[in-house]
Amino acid sequence: MKKHYREELGNLRETVLRMGGLVEQMTHRAIQALVERKIEMLPEVTAMEAQVNQLHIDIDEICLEMIALRQPTAADLRFIAAAMKINTDMERIGDQAINITERAESLLTVPPVKPLIDIPRMAEIAKEMLRDALDAFVNGNDELAYNTIKKDDLVDQLKDQVFRELLTYMMADPTTIPRALDLILVSRHVERIADHATNICEDVIFMVKGKDVRHQGPLA
Amino acid sequence: MENALKVKDLSAWFGEHQVLKNIAMDIRRNSVTSVMGPSGCGKSTFIRCLNRMHDLTPGFRVSGDVLFDGRNIYSEKIDPVLLRRKVGMVFQQPNPFPRMSAFENVAVGLKFNGKKRSRSEMAEVVEKSLRMAALWDELKDHLDRPGTSLSGGQQQRLCIARALAVEPEVLLMDEPCSALDPVSTAKIEELIEDLSDKYTIVVVTHNMQQAGRISDFVAFFLLGDLVEMDRAAKIFTNPADKRTEEYITGRFG
């Protein structure tokens, strides 16, 4: 028995949200493991990736089938197109969370270079951006999407700050270089997560307003 | 899941002209199967073979088996009238009986099939059938109106209610929406999706978008051959046969 079109759209929305929740959790736990130096938390993050990968495939399949079988138009078409693009961004966020766990694996076997302050702050903002981006998607809230995009600058600034600070450590003591480089990479991964959240917001704005806000420089 | 109908090596001729060529098809119970293809491909002939609608067509000849509940419907022991009660048909043009009220249109099949029913039993079946056809709420206060005075979409749903009243197992629909506007079409399509919980539905359609929307399975016919049959999602995203691909992408047909 076939489901009604509306049910299928609802099911797609829920599936996107489920995947979003998973990658959010992965990011959260990877950073938590790093900051609280709990190496035993890392395997569970790695284990979540399999579910994310399956959802990545499922969502594309649902979208393709709906385009082929339902001929979506107008807002429905934009919703499905947005879901497909958001799907790619979410999968990349999951990959970045895995990258963070890999850095954490090497960082947690050696003494810390310094207490982590800016990286947790960055991660907090990036997670909030991701959460708000998904909320904006589910509720079709373009205003929330706009406001979320603006936070990306803050994450970029923090990344530069982390880089500058770690540079001073490396110059002062070359034995810190491998660990400092790992931290720079972590900040880079977090920054990329915020970028993907920004992409999701841009797709949400297109979905709600039918307006393409990509590649237009700073938002007014 | 089992099959409601099993078609084996079915061929059909109008005079010398062969219109169906060795068709083999399993039709899954409680599902929607669409039969699509260009004009003249044999799709209407095919579904009419499923309840022996061609019996009286001069020059028509059929070979092969159509198994319904495990028995060949072309066997001499089968009464075509009983068969058609179990395998109902809805046509392209809504065809309520003229000079009958909406109520009588739904009840008429019950009257003809012999069993005595009280007025209240009759009313019960009519209500149930109209509810299943998603027409009850619109019509419950106007059951005495002539069936022909309803809108086209309502007439078609009335015909579906009439077909359901005799409690068939299979519902054949020959382009049930092609005479209807988009809103009525959407209603019938939703109805078809809902009915497939309880009934096996076979729909002939010219409209492949419709086949995509409503079907669990899609069969593609071309020049009397069954080219391909598969899940709707498979047919519309990645058909196995090049001819199906060409048809659904509008390259011919």
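How much area does chain A expose, and what share of it do carbon and sulfur atoms supply? Chain A exposes about 10,300 Å², and carbon and sulfur atoms supply 55% of that; the areas come from the Shrake-Rupley method with a 1.4 Å probe, and for residues only the protein chains shown count as cover.

Hi everyone, a little housekeeping before the tour. This is a predicted model, where local features need pLDDT of at least 70 and side-chain atom pairs count only at pLDDT 80 or more, while totals for chains, interfaces and linings use all residues. Residues are numbered from 1 along each chain as its sequence is written, chains are lettered from A and ligands numbered from 1 in the order in which they are written, and side-chain values use heavy atoms, with hydrogens and water left out.

Let's stay with chain A. It has 7 helices and 0 strands, where helices (H or I, at least four residues) and strands (E, at least two) are DSSP runs, numbered from the N terminus. Written along the sequence, the pattern of chain A is α-α-α-α-α-α-α. The C-alpha trace of chain A spans about 65 × 40 × 20 Å along its principal axes. Its radius of gyration is 19 Å, which agrees with the value near 17 Å that a compact globule of 220 residues would have. For the record, that radius is taken over C-alpha atoms, and the globule rule is 2.2 Å times the number of residues to the power 0.38.

As for burial, 48% of the 220 residues of chain A count as buried. Buried means under 20% relative accessible area, exposed means over 50%, and partly exposed is in between (1.4 Å probe, protein chains only). Contacts, meaning heavy atoms within 4.5 Å, reach far along the chain: among those in chain A between residues at least 6 apart in sequence, 83% join residues at least 24 apart.

On to charges. Chain A carries 27 positive and 37 negative side chains, and the centres of the two sets lie 2 Å apart. Here Lys and Arg count as positive and Asp and Glu as negative, with His and the chain ends not counted; the place of a charge is NZ of Lys, CZ of Arg, CG of Asp or CD of Glu.

How many salt bridges does a search of the whole structure find? The search gives 33 over all chains, a salt bridge being a side-chain nitrogen of Lys or Arg within 4 Å of a carboxyl oxygen of Asp or Glu. Let me show you three of them in chain A.

One is between A:Glu165 and A:Lys114, with the closest N and O atoms 3.5 Å apart. A:Glu165 sits in helix α6 (residues 152-172) and A:Lys114 in the loop between α3 (74-107) and α4 (118-139), so this pair ties together parts 51 residues apart in sequence. A:Glu165 is partly exposed, at 28% relative accessibility, whereas A:Lys114 is buried, at 11%.

Another joins the side chains of A:Lys151 and A:Glu128, at 2.6 Å from N to O. Since A:Lys151 is in the loop between α5 (142-150) and α6 and A:Glu128 is in helix α4, the pair ties together parts that are 23 residues apart in sequence. Both partners are partly exposed: A:Lys151 has 24% relative accessibility, and A:Glu128 has 32%.

The last pair on my list is A:Lys209 with A:Asp142, at 3.8 Å from N to O. A:Lys209 belongs to helix α7 (residues 177-209) and A:Asp142 to helix α5, so parts 67 residues apart in sequence are tied together. A:Lys209 is exposed at 52%, and A:Asp142 is buried at 16%.

Now, chain B. It has 10 helices and 10 strands. With a radius of gyration of 18 Å, close to the 18 Å that the globule rule gives for 253 residues, chain B is as compact as a globular protein of that length. Its C-alpha atoms fill a box of roughly 55 × 40 × 35 Å along the principal axes. Buried residues make up 52% of chain B. It exposes about 11,800 Å², with 49% from carbon and sulfur atoms. Chain B has 34 positive and 34 negative charges, whose mean positions are 4 Å apart.

Which residues of chain B are linked in a network of salt bridges? They are B:Glu2, B:Arg29, B:Asp69 and B:Glu169.

One residue to finish: B:Asp9, in strand β1 (residues 3-14). It is partly exposed, at 45% relative accessibility. Leaving aside residues up to four places away in sequence, B:Asp9 touches B:Asn22, B:Ile23, B:Ala24, B:Ser63 and B:Gly64. Thanks for listening!
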